[in-house]
Amino acid sequence: MNPVLAPPASASLIRSEVAGLPLYDPGADTDEVAALSGSRRVIKLSNSENPYGMSPAVAEALRLGLAGGVSRYPDPTGKRLTEAIGKSLDVPARRIVLGNGSENILELLCQAVLGPGDLVVTQAPGFSLHEIFPRVMGARVQKVPVTAEFGFDAAAWRSALAAGPKLVFLANPCNPTGAMLNAGQLEQFLAATPQSALLVLDEAYGEFARPNPEYPDGLEALRGQDRPWIVLRTFSKAYGLAGLRVGYGIASDAALIQALDRVRTPYNVNQQAQDAAVAALGDHAHLADTVRRTGLEVARVTERLRGAGLRVVPSSTNFLFIDTGCPSDRVAKELHRAGIIVKAWREPGYENYIRASLSTPEDNDVFVRCLTEICAKDKP
Ligand SMILES: *Cc1c(COP(=O)(O)O)cnc(C)c1O
């Protein structure tokens, strides 16, 4: 038989739910873009990473941790970190779960809660893992579109939620649009979500939105509610620890955390990540500095791109969702040739959009110049 045509022996073993899944798109590879562009310093704007890096207190914790060696398993309960988080938020540690990134917690929630045919509701355009992890479990995912202005569509959510989902994912601020729900919109959303559903509020970018008085703290909004909920946060974005993989969830009750403990791999967060996160949590000044500098760049770059005639969604995060006016795959490729990595969006209706996270002012200037040149050239 022609070896090219023969399906591999493993093919028949793969569950149909898995075989049909889209692959998570991590964006272009830095080494490949470096080779393509011939530039040694690639500007990576594809993963919403923090250009200012970790707190010096984190560097010191990592140095100390390494000196102690890595032959021991990490603390499977994450005691020091859950207690530090609990103390900072006034929540008992038993209602906090740690994940290998908050993505890991999204996955655990799906494993613990969802079975074949269950309904999940989330937003479109959205974070791909809010769809991929439910589908792994055989759940159905219904996506609620944003309004034409990239806002929260209360009526569309109400009708989707009326179908009785078992789990609801909402990111606030939203990825990839960068838009946020204000307190009134969050209230509308909560009122429309059935009490029987598990409500997952993903606040991966919450730290960037918090200086805005209109941004509702999800934990405060949910604290008093008599329903199952979990708020997810991460050290990957504003804290600059993406490479260490550590995020956390604050849940309505300890029983939900115990369910996640049953499905998670026992040592899911390595000790370096736990120690680093404790140190990061203690350095308020570093976080505030990152948030302040990011906010200035978001405002400055948004204004410059708009000045060049591009549509940019108002962002409460560290990234921008930009209408390039032409197929974004092509724009992304041209940017790659200039040594800049952004994410070309692929969801239906948004194929002209890129998502670009912000870097230092110098990097952002290079990005603005290249993008406006490419877009001007493509104009009829
Ligand atoms: C980045 C991101 C996360 C989590 O990232 P981790 O690195 O796994 O903590 C979760 N949700 C959204 C919407 C994100 O953009």
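# Guided tour of a predicted model

By the rule applied here, there are 3 cavities of 30 Å³ or more. The model under inspection is predicted, and this tour should be read with that in mind.

**Stop 1: the largest cavity**

Begin with the largest cavity, whose volume is about 50 Å³. Select Thr-122, Gln-123, Pro-125, Gly-126, Phe-127, His-130, Ala-171, Cys-174 and Asn-175 to display its lining. How many residues of this lining are nonpolar, polar and charged? The lining of the largest cavity divides into 4 nonpolar residues, 5 polar residues and no charged ones.

**Stop 2: two cis peptide bonds**

Keep Asn-175 selected, since it belongs to the lining of the largest cavity, and add Pro-176. The peptide bond from Asn-175 to Pro-176 is cis, with omega near 15°. Next select Asn-172 and Pro-173, where the connecting peptide bond is likewise cis; omega there is near -5°. Pro-173 is found in the loop that runs between strand S5 (167–171) and helix H8 (183–192). Pro-176 also has its place in the loop between S5 and H8.

**Stop 3: the annotated lysine**

Select Lys-237. The UniProt record, an unreviewed entry, carries the annotation "modified residue: N6-(pyridoxal phosphate)lysine" at Lys-237. In the model, Lys-237 is situated in the loop between strand S7 (229–234) and strand S8 (247–251). Is Lys-237 buried or exposed? Lys-237 counts as buried because its relative accessibility is 16%, which is under the 20% cut-off.

For a further selection, take Ala-238 together with Ala-288. These two residues are 50 residues apart in sequence, yet their C-alpha atoms are 9.0 Å apart in space. Ala-288 lies in helix H13 (residues 284–307). Ala-288 is classed as partly exposed because its relative accessibility is 45%, a value between the limits of 20% and 50%.

**Stop 4: the aromatic pairs**

Switch to a display of the aromatic side chains; the structure holds 14 aromatic pairs. One of them is formed by Phe-150 and Phe-321 in an edge-to-face arrangement, with 6.1 Å from centre to centre and 85° between the planes. This pair links distant parts of the chain, as its members are 171 residues apart. Phe-150 belongs to the loop between strand S4 (140–145) and helix H7 (154–161), while Phe-321 belongs to strand S10 (residues 319–323). Both Phe-150 and Phe-321 are buried.

Extend the selection to Trp-345, Tyr-350 and Tyr-353. Ring pairs join these three residues with Phe-150 and Phe-321 in a cluster.

Phe-150 also merits a check of its backbone: its phi is positive, at about 70°, although the residue is not a glycine. Why is Phe-150 counted as buried? Phe-150 is counted as buried because its relative accessibility is 6%.

Then select Phe-319 and Arg-355. The charged end of Arg-355 sits over the ring of Phe-319, at 5.6 Å from the ring centre.

**Stop 5: helix H14 and the residue after it**

Select helix H14, which spans residues 328–337. Which residues of H14 are buried? They are Ser-328, Val-331, Ala-332, Glu-334, Leu-335 and His-336. Just after H14, Gly-339 adopts a positive phi of about 85°.

**Stop 6: two further buried residues**

Select Ser-48, in the loop between strand S1 (43–44) and helix H3 (56–67). Ser-48 has a positive phi of about 55° although it is not a glycine. With a relative accessible area of 1%, Ser-48 is therefore buried.

Move to Gly-218, in helix H10 (residues 218–223). The relative accessible area of Gly-218 is 0%, so this residue is buried. Add Arg-262 and draw a C-alpha to C-alpha distance: Gly-218 and Arg-262 are 26 Å apart in space and 44 residues apart in sequence.

**Stop 7: the annotated domain**

Finally, select residues 41–369, where UniProt, in an unreviewed entry, places the feature "domain: Aminotransferase class I/classII large". Over this range the chain is 41% helix and 17% strand. What separates the end C-alpha atoms of residues 41–369? They are 17 Å apart.

Conventions:
Residues are numbered from 1 along each chain as its sequence is written. This is a predicted model: local features need pLDDT of at least 70, side-chain atom pairs count only at pLDDT 80 or more; totals for chains, interfaces and linings use all residues. Side-chain values use heavy atoms; hydrogens and water are left out. On a 1 Å grid over the protein atoms alone, a cavity is a set of points where a 1.4 Å probe fits but cannot get out, and a pocket is an open set with protein on both sides within 12 Å along at least five of seven lines; lining residues have an atom within 4 Å of a point. Grid points are joined across faces, edges and corners, and a volume is the space filled by probe spheres set on the points. Ala, Val, Leu, Ile, Met, Phe, Trp, Tyr, Cys and Pro count as nonpolar, Asp, Glu, Lys and Arg as charged, and the others, Gly among them, as polar. Rings of Phe, Tyr and Trp (its six-membered ring) pair if their centres lie within 6.5 Å; planes under 30 degrees apart count as stacked, over 60 as edge-to-face and the rest as tilted. Helices (H or I, at least four residues) and strands (E, at least two) are DSSP runs, numbered from the N terminus. Buried means under 20% relative accessible area, exposed over 50%, partly exposed in between (1.4 Å probe, protein chains only). A charge sits over a ring if NZ of Lys or CZ of Arg is within 6 Å of the ring centre and within 35 degrees of the ring normal. UniProt positions are given in the numbering used here, feature names are shortened, and annotations may be inferred rather than shown by experiment.
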